[in-house]
Amino acid sequence: MADRYRSILLFGPPGVGKGTQGKLLGSIPGFFHLATGEMFRGMDKDSTLGKEVVSYSSRGELVPDELTVRLWQQHVKGLIENGTYAPARDVLVLDGIPRSVTQAQALDDKLDVLAIIHLTCPDIDEMVQRMKGRALKEGRKDDADENVIRRRFEVYDAETSPVLGHYDAALINDIDGVGKPARVLRDVLAIVAPLHDDSFENPLG
Ligand code: ADP
C-alpha cells in the first residue's frame with residue numbers, strides 16, 4: 001500500500017463539475033488536485049507530443065491510453081521531485097483519469113483508491129450550457145463546438161463510464177452535480193472529510 005498514491009477519483013461526464021470540485025478540494029491542505037485535461041492543455045502545443053495530444057482532444061477523442069498513462073506518470077514524478085505534491089502528505093484528487101478501463105488497469109498498482117466521487121447530472125443540456133460558458137471564459141476550443149461536445153459525451157458513455165465497473169462498488173459514491181458548487185462541495189466533503197481524518201498528517205505536528 002505504502003508505495004501507491006492515496007487517491008480520490010472524481011468521476012462523471014464532461015461538464016458535470018469535476019474541475020470545479022477538484023480545484024475546491026485541492027485548496028484544502030492535505031489534498032492535491034491533478035486534472036489530466038489541464039496537464040494536456042499545459043503542454044507545449046508546438047512539440048511533437050503536444051501536437052499529437054491536440055489531434056485527439058480537438059476532436060473530442062481520448063488521447064491513446066499508453067501515451068496518457070506515460071505522460072501522467074512523468075508529470076506526477078516531476079511534481080514529487082519539485083516538492084509540489086508529497087505522497088506522504090497529500091491525498092491525490094484525480095480528475096480525468098482513469099478515463100478508460102485500460103487506464104484503470106494500468107494504474108491499479110500505482111493508486112490506492114480511497115473513494116470514487118461520481119458526480120451525476122440527468123440534464124445533458126445543463127452540462128452543454130456549462131461547457132459553452134467555460135469555452136467563453138477559458139478559450140477552450142473543444143468546448144465551443146457542438147459536434148466536439150457531442151462526441152465527448154459519446155466517448156464518455158462508451159469508454160469512460162465502464163471504468164466504474166472496474167472498482168469495488170463500495171468505493172463509489174453518487175453525488176448530485178446539479179446546483180451551486182458550494183452545495184455540491186458540501187456533499188463531496190461529507191464523503192471525503194472522514195477519509196481525510198484517517199490519513200491526514202498535520203504538517204505542524
Ligand atoms: P472535461 O472535463 O470536459 O471532460 P477535460 O479537460 O478533462 O474535459 O479533458 C479534455 C480532453 O483531454 C478530453 O476530451 C481528452 O481528449 C483529453 N483527456 C483528458 N484526460 C484524458 C485521459 N485520461 N485519457 C485520454 N484523454 C484524456
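Select glycine 96 and the ligand: a polar backbone atom of glycine 96 sits 2.7 Å from a nitrogen atom of the ligand. Keep in mind as you look around that this is a predicted model.

**Around the ligand**

Stay with the ligand and add arginine 99. An N or O atom in the side chain of arginine 99 is 2.7 Å from an oxygen atom of the ligand. Next, add glutamate 61, where a backbone N or O atom lies 2.6 Å from a ligand oxygen atom. How much of the ligand's accessible area does the protein cover? On its own the ligand has 560 Å² of accessible area, and the protein covers 96% of that.

Now widen the selection to the whole shell. There are 19 residues around the ligand, and those that come nearest are Glu61, Gly96, Arg99, Arg134 and Arg152. Colour the shell by class and you should find eight charged, six polar and five nonpolar residues. Which helix gives the largest share of this shell? Select residues 36-41: this is helix 2, and it supplies four residues.

**A cis peptide bond**

Move to proline 98, in the loop that runs between strand 3 (91-95) and helix 5. Zoom in on the bond that joins isoleucine 97 to proline 98: this peptide bond is cis, with omega near -5°. Such a bond is worth a pause, because most peptide bonds are trans.

**Along helix 4**

Select residues 65-81 to bring up helix 4, which has 17 residues. From its first C-alpha to its last, helix 4 reaches 24 Å, close to the 24 Å expected at 1.5 Å a residue. Which residues of helix 4 are buried? Show the side chains of Leu67, Thr68, Val69, Leu71, Trp72, Val76 and Leu79, and you have the buried ones. Just past the helix, click on glycine 83, which follows helix 4 and has a positive phi, near 80°.

**Strand 4 and its distant partners**

Begin at lysine 110, in the loop between helix 5 and strand 4 (111-120). Lysine 110 has a relative accessible area of 22%, so it is partly exposed. Draw a distance from its C-alpha to that of aspartate 3: the two are 107 residues apart along the chain, yet separated by 7.4 Å.

Step into strand 4 and stop at valine 113. Is valine 113 buried or exposed? Valine 113 is buried, because its relative accessible area is 14% and the cut-off for buried is under 20%. Tyrosine 5 is 108 residues away from valine 113 in sequence, and their C-alpha atoms are 8.0 Å apart in space.

Isoleucine 117 is also found in strand 4. With 0% relative accessibility, isoleucine 117 counts as buried. Measure across to glutamate 81 for a contrasting case: isoleucine 117 and glutamate 81 are 36 residues apart in sequence, but 28 Å apart from C-alpha to C-alpha.

Finish the strand at threonine 120, which belongs to strand 4. Threonine 120 is partly exposed, at 26% relative accessibility. Proline 13 is 107 residues from threonine 120 in sequence, and the C-alpha distance between them is 7.5 Å.

**Colour by confidence**

For the last stop, colour the chain by pLDDT. The mean for the chain is 93, and 95% of its residues reach 70 or more. Where is confidence lowest, and where is it highest? Select helix 7 (residues 141-144) for the lowest, at a mean of 84, then helix 5 (residues 101-107) for the highest, at 98.

Conventions: Residues are numbered from 1 along each chain as its sequence is written. Side-chain values use heavy atoms; hydrogens and water are left out. A residue is near a molecule or strand if one of its heavy atoms lies within 4 Å of it. A polar contact is a pair of N or O atoms within 3.5 Å; within protein, one must be able to donate a hydrogen and the other to accept it, and residues adjacent in sequence count only if both atoms are side-chain atoms. Accessible areas come from the Shrake-Rupley method with a 1.4 Å probe; for residues, only the protein chains shown count as cover. Helices (H or I, at least four residues) and strands (E, at least two) are DSSP runs, numbered from the N terminus. Ala, Val, Leu, Ile, Met, Phe, Trp, Tyr, Cys and Pro count as nonpolar, Asp, Glu, Lys and Arg as charged, and the others, Gly among them, as polar. The expected span of a helix is 1.5 Å times one less than its number of residues. Buried means under 20% relative accessible area, exposed over 50%, partly exposed in between (1.4 Å probe, protein chains only). pLDDT is the predictor's confidence in each residue, from 0 to 100.
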